[in-house]
Amino acid sequence: MKSHLILLMLVLNTTFSFGQKQKEFRMCFDIGSSKLSEEDEGQIQAIAQLLQDPSFTYLKIFGYATTSGTEASNTELSKRRALEVYAKIKALHPIDESKIYITWLGQSEDVYDLHYDKARPQTPCVEVIVQLK
């Protein structure tokens, strides 16, 4: 029984992605802001380091905003956040544009199209996924 429980725990904690691994990062912003904190700058450096890894395959950036403003302002803010993170990463390491997916969501857009179960829309954050072989 104990071995079955351990096996079940291993299965539940494993991501099946056909040999792909991924590292996830989350950077949160003050309400209404697209300025990164010093702590987030450290995460940007870690992401840039991963892009230099020979096993790097793809970079995904998702920008979000809260529901505190209008739909239009939230969409624009989530866009600025996503593009700010992208610009900071790109400044540290050039990126092949064919290996990048960047998107941003307003408060009412459907998150299910992201194919990212851990997405947290309606938060003042940007989530970054670095896929590796």
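Here is a short conversation about Asp 40 and the disulfide in this predicted model.

Student: Which helix holds Asp 40?

Tutor: Happy to start there! The helix in question covers residues 38-51, and Asp 40 falls inside that range. Its name is H2.

Student: How far from Asp 40 is the nearest side chain of opposite charge?

Tutor: Asp 40 is buried and has no salt bridge. A salt bridge would need a side-chain nitrogen of Lys or Arg within 4 Å of a carboxyl oxygen. The nearest candidate of opposite charge is Arg 81, and its distance is 9.5 Å.

Student: Which side chain makes a polar contact with the side chain of Asp 40?

Tutor: Good follow-up, as Asp 40 has no salt bridge. The polar contact has a distance of 3.1 Å, and the partner is the side chain of Ser 37.

Student: Leaving aside neighbours within four places in sequence, which residues is Asp 40 in contact with?

Tutor: One of them, Cys 28, also belongs to a disulfide with Cys 125. The full set for Asp 40 is Arg 26, Met 27 and Cys 28.

Student: How many residues apart in sequence are the parts that the Cys 28 and Cys 125 pair ties together?

Tutor: The whole structure has 1 disulfide, and the sulfur atoms of Cys 28 and Cys 125 are 2.3 Å apart. Cys 28 lies in strand S1 and Cys 125 in strand S4, so the separation of the parts tied together is 97 residues.

Student: Is that disulfide right-handed or left-handed?

Tutor: Look at the torsion about the S-S bond of Cys 28 and Cys 125. The angle is about 85°, so the disulfide is right-handed.

Student: Is Cys 125 buried or exposed?

Tutor: Its partner Cys 28 has 39% relative accessibility and so counts as partly exposed. Cys 125 has 2%, and under 20% is the cut-off, so Cys 125 counts as buried.

Notes. Residues numbered from 1 in each chain as written. Predicted model: local features only at pLDDT ≥ 70, side-chain atom pairs only at ≥ 80, totals over all residues. Heavy atoms only, no water. Helix = DSSP H or I, 4+ residues; strand = E, 2+ residues; numbered from the N terminus. Buried < 20%, exposed > 50% of the residue type's maximum accessible area, 1.4 Å probe, protein only. Lys, Arg positive; Asp, Glu negative; His and termini not counted. Polar contact = N/O pair within 3.5 Å; in protein donor to acceptor, adjacent residues only side chain to side chain. Contact = heavy atoms within 4.5 Å. Disulfide = S-S within 2.5 Å.
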